[in-house]
Amino acid sequence: MTNNQIPKTQKAAIVAVEGASVQVKDHPVRDPESLGPGECLVKLHCSGVCHTDLHAALGDWPVKPKTPLIGGHEGVGEIVAIGKNTTNSPVKMGQRVGIKWIADSCLNCVQCRNGHEQNCINVKLSGYTVDGTFQQYVVSWVNAVTPIPDGIESEAAASILCAVSSYPLPPTAPLTNVTTKGLTVYRALKYSETNPHEWVVIPGAGGGLGHLAVQYAKYMGRRVIAIDGGEEKRKLCLSLGADHWIDFTQCKDIVGEIKKVTDGYGAHAAVVTTASTSGYVQAVDYLRDNGHLMAVGLPAKATLDASIFFTVFKSITIHGSYVGNRQDAIEAIDIAASGAVKCHYQMKKLSDIQSVYDDLGKGKIAGRIVLSV
Ligand SMILES: [Zn+2]
Ligand SMILES: [Zn+2]
């Protein structure tokens with residue numbers, strides 16, 4: 001695609017002010033001639049939608065989004081322009097790339113220099129502090145896009161890139177109804193200080209994208225205790241290789257059951273995505289001494305309410321794990337492209353976005369939604 005084949009206008013889903021409904025309308029495409037060094041223009045194939053986008057549209061997180069806002073942070077497309085005077089670009093024209101939650105990082109601050117790009121003090125967040133992937137042409141940065149290998153569909157890759165977990169749960173909610181996403185889940189497992197053959201508990205393993213956590217954990221050689229409710233979820237978790245299944249709707253003593261399966265010691269780690277405090281309290285109980293509680297949910301308000309006594313007495317590590325750096329994203333995508341991680345998703349159109357938001361808000365969507373753009 002040459003610059004004069006790039007249209008001047010496109011369709012974009014725009015939220016005018018916090019809390020407003022999202023409207024799909026004509027919006028200018030960034031003039032490729034105006035791209036600065038390091039910037040690129042990506043013609044999107046598709047974009048995933050998740051609860052983060054709802055939080056962005058509602059503006060209910062402690063960190064405020066820009067307005068007007070084009071949301072979306074799980075896009076896959078191809079590079080159609082690269083800013084003039086860009087040097088040493090790791091990606092080239094026509095290459096398929098992904099746009100993730102961390103849209104760009106400065107690579108020069110202390111956090112970036114230590115490889116914690118997600119905590120960059122100058123970070124740009126897709127569909128939050130910069131316009132995201134609910135449009136046909138998005139501006140991105142050559143150093144931040146994730147190259148997408150052959151062997152994975154754009155739609156599946158989009159779901160892997162999704163980063164943030166933020167399902168709004170009532171405080172009494174059990175260990176289910178959580179969403180977890182590929183990159184976040186992969187990094188949480190990577191830093192869980194577990195070894196092959198060790199036990200990882202995944203609450204909500206069959207719901208939302210908990211199924212990704214099960215698959216990554218199995219790929220990494222961990223033994224998985226999957227917790228969720230109902231026959232359908234049981235079948236899914238076991239088909240993905242979960243070593244042990246617990247139905248929270250039937251099991252009266254989840255902690256006791258986990259202890260039993262793990263020779264009385266408890267699990268080595270848990271990847272907890274729930275927004276309810278009960279998920280954390282319970283994890284401290286079922287983890288073994290020196291176990292790791294990987295906290296990856298981003299609820300707007302919930303607080304962590306685990307027993308300090310037992311956290312200390314059992315030498316439990318509570319590890320907040322926020323998305324991942326560029327390398328984590330590449331690894332998460334490469335593993336999926338190898339065929340080891342399959343993603344279940346449902347396709348919709350960009351023009352369906354408001355109804356998708358409505359359904360997400362009502363908790364009516366269990367799996368992943370990907371919009372063709
Ligand atoms: Zn930085
Ligand atoms: Zn997402």
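Strand β15 (residues 287-295) is joined to β16 by four bridges, and the two strands run parallel. Within this pair, A295 stands opposite G320 of β16. The structure described here is a predicted model. Helix α8 (residues 277-286) packs on the sheet, where it touches β11, β14 and β15. The direction of α8 makes about 150° with that of β15.

The pair belongs to an open sheet of six strands, arranged in the order β13-β12-β11-β14-β15-β16 with parallel pairing. The edges are occupied by β13 (244-247) and β16 (317-320); each has a single partner strand, so one side of each is left without a neighbour in the sheet. From one strand to the next, the twist averages 20°. Strands of a sheet pair through backbone hydrogen bonds, in either a parallel or an antiparallel arrangement. A further helix, α6, lies across β12 and β13 and runs at about 165° to β13.

Helix α5 (residues 210-219) is largely enclosed by the rest of the structure, because eight of its 10 residues are buried. The buried positions of α5 are G210, H211, L212, A213, V214, Q215, Y216 and A217. Their cover includes strands β11 (199-203), β12 (223-228) and β14 (267-272). Helices α4, α6 (231-239) and α10 (326-337) are also among the elements that cover the buried residues of α5. Just after α5, G221 takes a positive phi of about 80°.

Contact with α5 is also made from helix α4 (residues 182-190), in which Y186 lies: Y216, a buried residue of α5, is touched by Y186. Y186 is itself buried, because 29 other C-beta atoms lie within 10 Å, against a cut-off of 20 or more. When residues up to four places away in sequence are not counted, Y186 also touches G324, D328, E331 and A332. The C-alpha atoms of Y186 and A336 are separated by 11 Å, although the two residues are 150 residues apart along the chain.

At the level of the whole protein, the chain is divided into domain 1 (9-174 + 324-372) and domain 2 (181-320). The C-alpha centres of domain 1 and domain 2 lie 27 Å apart. Y186 falls within the bounds of domain 2, whereas G324, one of the residues touched by Y186, falls within the second segment of domain 1.

Methods. Residues numbered from 1 in each chain as written. Chains lettered and ligands numbered in written order. Predicted model: local features only at pLDDT ≥ 70, side-chain atom pairs only at ≥ 80, totals over all residues. Domains from an automatic or database assignment. Buried ≥ 20, exposed ≤ 12 C-beta atoms within 10 Å, placed from the backbone. Contact = placed C-beta atoms within 7 Å. Pairing = 2+ DSSP bridges. Axes fitted to C-alpha atoms, helices over the stretch in contact; angles between N-to-C directions.
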